[in-house]
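Here's a walk through one chain, from the overall numbers down to single residues. Have the viewer open while you read.

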Amino acid sequence: MNESLATVFLQQLLHPAFGFVLGLGVVFAALLAWAWRTLPSQAQWQTVAALPRRRDADGAWKGVTVTWYGVIVASAYVVGLLVFILLLGAVGISGRASLVMVLLLIGVCAPMSRLIATWVEGSAHGFTVGGASFVGFLLGPVVFLVAGQTPWFAGRADALLVYGLAGAAVGYTIGEGVGRMACMSFGCCYGRRISSLPAPLARVFAPIAFRFGGANKKACYADGLEHVPLVPVQGISSAVLTTIGLGGLALVLAGQPHAAVMVTLIGSQLWRVLSEVLRADDRGGARFSPYQWMALSVAASTPLIVQLLPAVDVVPQLGAGLVTLWDPALLLVVQVCWLLLVRFMAW
């Protein structure tokens with residue numbers, strides 16, 4: 001904690017895990033480049049399938065619609081989950097034990113993402129990552145503190161608390177970065193009109209603006225913004241959050257979990273506060289939205305939380321973390337979780 005963050009980051013260039021983090025960065029960058037070009041403008045990248053459930057007496061079918069939004073968000077949850085298990089596995093914590101803890105968090109946060117969106121935005125079908133992450137910030141320390149008192153973690157309570165919080169913060173930030181691509185597909189969380197910006201900002205954003213195509217995209221049916229150049233706030237958020245998350249990942253693998261918590265939580269939450277200034281969708285009607293207040297409270301509380309965390313001398317081993325992931329039973333449960341999340345987000 002006495003080293004400057006700049007010094008810590010420079011040390012990563014010589015760390016064996018740097019190549020792993022860099023490789024993930026290349027994958028995320030390529031995926032984002034494809035999503036940026038494809039998802040906003042092409043209507044076919046909104047719906048995956050319509051699944052019939054029953055047929056009414058008049059012959060009309062009732063069913064559920066599986067969207068790319070749901071598929072991408074479910075995949076983002078899984079990415080975050082795997083990052084969490086990897087990082088705890090790197091410090092010798094069982095993948096199955098990690099899975100149980102993170103499923104407890106997801107089991108609460110996923111339903112809360114819908115309930116908080118309904119409360120703030122008045123939408124019965126929306127979801128909010130901001131609300132879910134706020135609930136996770138409140139519950140995460142409690143889950144790790146309680147788990148640390150069980151026989152599973154005898155003598156490892158401090159390592160579980162510190163690396164559990166760091167793994168959850170990194171997994172959340174990377175997962176949200178990937179999940180923002182879902183907003184490109186559905187047309188939600190959309191940015192302001194380029195024409196509404198001051199001229200200098202308009203010149204910056206115009207070449208990379210999003211133009212949503214398809215009557216069922218939220219930007220189109222909610223505000224009539226089909227083919228209108230908009231600030232690509234979803235794409236920028238994806239790039240910013242994955243970059244912050246990968247920085248946190250490098251810090252954890254270098255044995256700097258306290259710094260990782262600071263970087264990922266403060267960085268991601270301050271970006272949420274800033275990014276909402278560029279958004280035009282309904283955020284509850286207030287000038288400073290409830291989501292911004294939630295994010296600001298998390299960012300302000302993080303330094304205090306980090307100061308209360310114990311010091312640990314565990315050195316993460318990337319190889320051990322990767323071995324932890326290679327568990328057929330664990331991977332099967334993760335796949336089932338993905339399917340359940342896709343179904344939960346279906347209409």
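What follows goes from the whole chain to its helices, and then to a few individual spots.

## The big picture

First things first: this is a predicted model. The chain has 13 helices and 2 strands. Of its 347 residues, 51% count as buried.

On the surface side, the chain exposes about 15,900 Å², and 68% of that comes from carbon and sulfur atoms. As for how the chain folds back on itself, take the contacts between residues at least 6 apart in sequence: 73% of them join residues at least 24 apart.

## Two enclosed helices

Start with α3, which covers residues 68-89. Its 22 residues reach 31 Å from first C-alpha to last, close to the 32 Å expected at 1.5 Å a residue. Of those 22 residues, 17 are buried, so α3 is largely enclosed by the rest of the structure.

Helix α10 (residues 257-275) can be read in a similar way. It has 19 residues and spans 26 Å from its first C-alpha to its last, close to the expected 27 Å. Here 14 of the 19 residues are buried, so α10 too is largely enclosed by the rest of the structure. For a look from inside α10, pick Ser268. Its relative accessibility is 1%, well inside the buried class because the cut-off is under 20%. Which residues does Ser268 touch, leaving aside its neighbours within four places in sequence? The list is Tyr172, Thr173, Leu241, Ile244 and Val263.

## α13 and its cap

Now jump to α13, residues 328-344. The helix has 17 residues and reaches 24 Å from its first C-alpha to its last, close to the 24 Å expected at 1.5 Å a residue. Buried residues in α13 are Leu330, Val334, Cys337, Leu341 and Val342. They cover an arc of only 135 degrees around the axis, which puts them on the same side of α13. On the other side of the helix, Pro328, Leu332, Leu339 and Leu340 are exposed.

What caps the N-terminal end of α13? That's Asp327: one of its side-chain oxygens lies 3.1 Å from the backbone nitrogen of Ala329. Asp327 sits in the loop between α12 (318-325) and α13. With a relative accessible area of 15%, Asp327 is buried.

## Aromatic rings

The count of aromatic pairs comes to 5. In one of them, the rings of Phe210 and Phe212 have their centres 6.0 Å apart and their planes at 75 degrees, so the pair is edge-to-face; the cut-off for that label is over 60 degrees. Are these two rings' residues buried or exposed? Phe210 is buried, with a relative accessible area of 1%, and Phe212 is buried as well, at 0%.

There is also a tryptophan group to find in the viewer: Trp34, Trp45 and Trp68 form one aromatic cluster.

## Two loop residues with positive phi

Next, a couple of backbone oddities for your torsion plots. Cys189 has a positive phi of about 55 degrees, although it is not a glycine. You'll find Cys189 in the loop between α6 (157-186) and α7 (199-205). Cys189 is buried, with a relative accessible area of 14%.

The other case is His227, also not a glycine, with a positive phi of about 65 degrees. This residue lies in the loop between α8 (218-223) and α9 (233-253). Is His227 buried or exposed? His227 is exposed, with a relative accessible area of 52%.

## Far in sequence, brought together in space

One last spot to click on is Leu31, found in helix α2 (residues 18-38). Leu31 and Val178 are 147 residues apart in sequence, yet their C-alpha atoms are 8.9 Å apart in space. As for its surroundings, Leu31 counts as partly exposed, at 36% relative accessibility.

Definitions and conventions: Residues are numbered from 1 along each chain as its sequence is written. This is a predicted model: local features need pLDDT of at least 70, side-chain atom pairs count only at pLDDT 80 or more; totals for chains, interfaces and linings use all residues. Side-chain values use heavy atoms; hydrogens and water are left out. Helices (H or I, at least four residues) and strands (E, at least two) are DSSP runs, numbered from the N terminus. Buried means under 20% relative accessible area, exposed over 50%, partly exposed in between (1.4 Å probe, protein chains only). The expected span of a helix is 1.5 Å times one less than its number of residues. The arc is that of the directions from the helix axis to the C-beta atoms. A polar contact is a pair of N or O atoms within 3.5 Å; within protein, one must be able to donate a hydrogen and the other to accept it, and residues adjacent in sequence count only if both atoms are side-chain atoms. Rings of Phe, Tyr and Trp (its six-membered ring) pair if their centres lie within 6.5 Å; planes under 30 degrees apart count as stacked, over 60 as edge-to-face and the rest as tilted. Contact means heavy atoms within 4.5 Å. Accessible areas come from the Shrake-Rupley method with a 1.4 Å probe; for residues, only the protein chains shown count as cover.
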